[in-house]
Amino acid sequence: MLSINSYFDDHVKSIAFQGKTNATTVGVMDIGEFTFGTSQYEVMTVIDGELEVKLPGTQSFNTFTNGDQFEVEANSSFEVKVVRQTAYHCTYE
């Protein structure tokens, strides 16, 4: 079953489904700045685009582009600056 979600006044859209081993989303982000909260451990991969991400416990933003991935612990939040429209893939544990 697919679940379609929209966040931040339609600037972020995702389609959620159950992957082979983990819950998964595939989505797109429009240019802007967003703060995401987590309830589960996440691994996010940039499919196409560019994100500047400030992960929990860090003081600065790091850039992630095509093929790059980052991990976020459960029950935390992270900041994202979308430099150009970006497609992403995220798995949850």
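Here is a quick tour of the salt bridges in this structure, which is a predicted model.

Some background helps: side chains of opposite charge can pair when their charged atoms come close. In this model there are 3 salt bridges, and the table sets them out.

| Pair | Closest N to O distance |
|---|---|
| Lys 13 and Asp 10 | 3.9 Å |
| Arg 84 and Asp 48 | 3.9 Å |
| Glu 50 and Arg 84 | 3.9 Å |

Let's take Lys 13 to begin with. Its salt-bridge partner is Asp 10, and Lys 13 itself is partly exposed, at 40% relative accessible area.

Now for Arg 84, which turns up in two rows. One of its partners is Asp 48, with 3.9 Å from N to O. Arg 84 sits in strand E8 (residues 77-92) while Asp 48 sits in strand E5 (residues 42-54), so this pair ties together parts that are 36 residues apart in sequence.

Glu 50 pairs with Arg 84 too, again at 3.9 Å from N to O. Here as well the pair links distant parts of the chain, with Glu 50 in strand E5, Arg 84 in strand E8 and their positions 34 residues apart in the sequence. Since the salt bridges share partners, Asp 48, Glu 50 and Arg 84 end up joined in one network.

How open to the outside are the members of that network? Arg 84 is partly exposed at 37% relative accessibility, and Asp 48 is partly exposed with a relative accessible area of 40%. Glu 50, at 21% relative accessibility, counts as partly exposed because the buried label is kept for values under 20%.

Terms used: Residues numbered from 1 in each chain as written. Predicted model: local features only at pLDDT ≥ 70, side-chain atom pairs only at ≥ 80, totals over all residues. Heavy atoms only, no water. Salt bridge = Lys/Arg side-chain N within 4 Å of Asp/Glu carboxyl O. Buried < 20%, exposed > 50% of the residue type's maximum accessible area, 1.4 Å probe, protein only. Helix = DSSP H or I, 4+ residues; strand = E, 2+ residues; numbered from the N terminus.
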